[in-house]
Amino acid sequence: QVHLAEAGGGLVQAGGSLRLSCAASGSISRSNAMGWYRQAPGNEREMVAVTRSLGITTYGDSVKGRFTVSRDNVKNTVWLHMNSLKPEDTAVYYCNFRDIPYSASRDYWGQGTQVTVSS
């Protein structure tokens, strides 16, 4: 089992910045991917940014150039640095941990944290 503890989020004006963090604990595999997804009301969950323990980071098209993900493999923690926030970034942000290669039984989600960007 893997437990994910999220922190950060809140209310910010458009153009502002926020940082989210997610710490994983429990049975942490050496090869894994950690990242952030988000879901706005009425929308499907979408990938924001994913970083793999052995390198390679992927960003969703809508956040490229504005968001940066970083991780500490010793602390098993990832951070999402969100800059130039827009109202359309408003969503619940979920941390995710999964093994590589993927296994459905090793796909974990945090409880979600609300990010609200006012115009």
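Here is a short chat about a predicted model, covering its core, one of its sheets and its aromatic rings.

Visitor: Which residues touch the most other members of the largest nonpolar core?
Guide: That core has 26 residues. Strands that give two or more residues to it include strand 1 (2-8), strand 4 (32-39), strand 8 (77-82) and strand 9 (91-99). The residues touching the most other members are Leu 4, Trp 36, Leu 80, Met 82 and Tyr 93.

Visitor: Let's stay with Tyr 93. Which residues does Tyr 93 touch, leaving out those up to four places away in sequence?
Guide: Among its contacts are Trp 36, Leu 80 and Met 82, which are also on the list of residues touching the most other core members. The full set for Tyr 93 is Glu 6, Leu 20, Trp 36, Tyr 37, Arg 38, Val 48, Phe 67, Leu 80, Met 82, Gly 112, Thr 113 and Val 115.

Visitor: Now the open sheet of four strands. Which strands stand at the edges?
Guide: The order is 1-3-8-7, with antiparallel pairing. An edge strand here has a single partner strand, so one side is left without a neighbour in the sheet. That applies to strand 1 and strand 7.

Visitor: And by how many degrees are neighbouring strands of this sheet turned against each other on average?
Guide: The sheet in question is the open one with the order 1-3-8-7. With direction ignored, the average turn between its neighbouring strands is 15°.

Visitor: Is strand 8 mostly covered or mostly exposed?
Guide: In the order 1-3-8-7, strand 8 sits between strand 3 and strand 7. It pairs with strand 3 over six bridges, and six bridges also join it to strand 7. Cys 22 has Val 78 as its bridge partner, and Ser 70 stands opposite Trp 79. Five of the six residues of strand 8 are buried, so call it mostly covered.

Visitor: Which residue in the turn of the hairpin formed by strand 7 and strand 8 has a positive phi?
Guide: The two strands run antiparallel, and there are four residues between them. The phi angle in question is about 50°, and it belongs to Asn 76.

Visitor: On to the rings. What kind of pair do Tyr 37 and Trp 109 make?
Guide: Tyr 37 is in strand 4 and Trp 109 in strand 10, 72 residues apart. Tyr 37 is buried at 13% relative accessible area, whereas Trp 109 is partly exposed at 34%. Their ring centres are 5.1 Å apart and their planes stand at 70°; planes over 60 degrees apart count as edge-to-face. So the pair is edge-to-face.

Visitor: What about the pair of Phe 97 and Tyr 108: what is the angle between the planes?
Guide: This pair links strand 9 and strand 10, 11 residues apart. Phe 97 is buried at 0%, and Tyr 108 is buried at 11%. The centres are 6.4 Å apart and the pair is tilted, with the planes at 50°.

Visitor: Which residue puts its charged end over the ring of Trp 109?
Guide: Trp 109 touches residues including Leu 4, Tyr 37, Arg 45 and Tyr 94. One of these lies over the face of Tyr 94, at 3.9 Å from the ring centre. Its charged end also sits over the ring of Trp 109, 4.5 Å from the centre, and the residue is Arg 45.

Methods. Residues are numbered from 1 along each chain as its sequence is written. This is a predicted model: local features need pLDDT of at least 70, side-chain atom pairs count only at pLDDT 80 or more; totals for chains, interfaces and linings use all residues. Side-chain values use heavy atoms; hydrogens and water are left out. A nonpolar core is a set of buried Ala, Val, Leu, Ile, Met, Phe, Trp, Tyr and Cys residues joined through side-chain atoms within 4.5 Å. Buried means under 20% relative accessible area, exposed over 50%, partly exposed in between (1.4 Å probe, protein chains only). Contact means heavy atoms within 4.5 Å. Two strands pair if DSSP finds at least two bridges between them. Axes are lines fitted to C-alpha atoms, for helices over the stretch in contact, and angles run from 0 to 180 degrees between N-to-C directions. Rings of Phe, Tyr and Trp (its six-membered ring) pair if their centres lie within 6.5 Å; planes under 30 degrees apart count as stacked, over 60 as edge-to-face and the rest as tilted. A charge sits over a ring if NZ of Lys or CZ of Arg is within 6 Å of the ring centre and within 35 degrees of the ring normal.
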